[in-house]
Amino acid sequence: MSGPNDPVTALFEMTRKALQQKQEMGDTEIMISRESLERMPEEVKDYKDLEEFENDINECTKCPLHKGRTKFVFGAGNPHADIIFVGEGPGREEDLRGEPFVGRAGKLLDKILAAIDFERSEVYIANIVKCRPPNNRDPESSEMETCMPYLLKQIEMINPHFICCLGRIAAQALLDTRLPLGKLRGGFHDWNDRKVMVTYHPAALLRFPQYKPHTWEDVQMLRKAYDEFKGSS
Ligand code: SF4
């Protein structure tokens with residue numbers, strides 16, 4: 001899977017920075033042309049902010065999901081959040097509005113956030129894939145793999161301490177595992193110097209409300225760890 005930790009991407013980034021440094025030091029023989037910068041994968045470019053990044057990728061056609069989308073769903077929330085909630089992909093409402101978690105599942109997510117004293121505007125919310133899979137099917141591995149560098153770039157730019165994966169698909173894609181959700185939830189995973197919590201997707205809770213107590217335990221644990229982190233940082 002490509003991403004900031006992929007060796008090819010890391011080498012590419014190192015070379016680009018070294019070339020830029022040489023240029024800044026007055027070495028005029030080494031030039032990076034505008035054309036070559038534009039050909040760079042978006043995940044290794046430097047953006048001023050999330051808005052600039054979104055504007056660069058919102059017409060993406062890298063995977064077949066672009067064919068059925070109404071709106072590209074980049075993500076929303078606090079660009080400096082210490083916690084990002086990650087779902088698998090936009091649903092019908094999200095596709096129509098271009099915002100993540102705004103349908104019935106989104107309303108439940110708002111309630112879950114409110115129960116642990118978070119406003120939506122305090123956190124950041126995004127998905128593994130930015131375009132709606134047809135008929136709300138699960139995103140395919142190849143689609144997630146193609147889109148994942150965008151999420152990794154968002155994470156790099158926002159730099160949160162915590163990531164909460166909502167549902168098995170988001171958790172398996174981010175943590176690169178095939179373990180079932182039951183084995184992934186209930187504690188924190190160390191991931192690239194961040195803490196990842198896994199819990200149920202709000203859409204699953206709408207269908208199976210018996211999982212709500214588990215979700216409550218997970219998000220309480222998340223809030224406690226968040227408060228401890230904020231108290232010590
Ligand atoms: S899902 Fe991601 S990779 Fe696929 S077209 Fe949309 S933005 Fe591009």
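Tutor: Let's start with a term: a residue is buried if 20 or more other C-beta atoms lie within 10 Å of its own, exposed if 12 or fewer, and partly exposed in between, with C-beta atoms placed from the backbone. The model is a predicted one, in which local features need pLDDT of at least 70 and side-chain atom pairs count only at pLDDT 80 or more, while totals for chains, interfaces and linings use all residues. Residues are numbered from 1 along each chain as its sequence is written.

Student: What makes H7 "mostly covered"?

Tutor: Of its 8 residues, 7 are buried: Arg168, Ile169, Ala170, Ala171, Gln172, Ala173 and Leu174. Their cover includes E2, H6, E4, helix H8 (181-184) and E6. Just after H7 comes Asp176, with a positive phi near 55°. These labels are DSSP runs numbered from the N terminus: helices are H or I with at least four residues, strands are E with at least two. The protein chain has 10 helices and 6 strands.

Student: Why does Glu88 count as buried or exposed?

Tutor: Glu88 has 24 C-beta neighbours inside 10 Å, and the cut-off is 20 or more, so Glu88 is buried. Glu88 sits in the loop between E2 and helix H4 (92-97). Leaving out residues up to four places away in sequence, Glu88 touches Asn127, Ile128, Asp138, Pro139, Gly167, Ile169 and Ala170, a contact being two C-beta atoms, placed from the backbone, within 7 Å. Glu88 and Asn127 are 39 residues apart in sequence, yet 5.1 Å apart from C-alpha to C-alpha.

Student: And what class does Pro100 fall into, buried or exposed?

Tutor: Pro100 has 25 other C-beta atoms within 10 Å, so Pro100 is buried too. Pro100 lies in the loop between H4 and H5, and its contacts beyond four places in sequence include Val73, Gly87, Glu94 and Ile125.

Student: Why is the set of residues that includes Ile84 called a nonpolar core?

Tutor: The name is for buried Ala, Val, Leu, Ile, Met, Phe, Trp, Tyr and Cys residues joined through C-beta atoms within 7 Å. The largest such core here has 42 residues, and those with the most contacts inside it are Ile84, Val86, Ile128, Ile163, Cys164, Cys165 and Ala170. Elements giving two or more residues to this core include strand E2 (83-87), helix H6 (141-158) and helix H10 (212-232). H6 supplies the largest share, 7 residues. Ile84 is in contact with, among others, Val123, Ile155 and Ile163.

Student: How do you know what length H10 should have?

Tutor: The expected span is 1.5 Å times one less than the number of residues. For the 21 residues of H10 that gives 30 Å, and the end C-alpha atoms are 30 Å apart, so the two agree.

Student: Why do the buried residues of H10 line one face?

Tutor: They are Thr215, Asp218, Leu222 and Tyr226. Seen down the helix axis, they fall within an arc of 70°, so they line one face; the arc is taken from the directions from the axis to the C-beta atoms. An α-helix has 3.6 residues a turn, so residues three or four places apart point the same way. The face turned away from the buried side of H10 carries exposed residues, including Gln220, Lys224 and Glu228. Covering the buried residues of H10 are, among others, E2, H5 and helix H9 (202-207).
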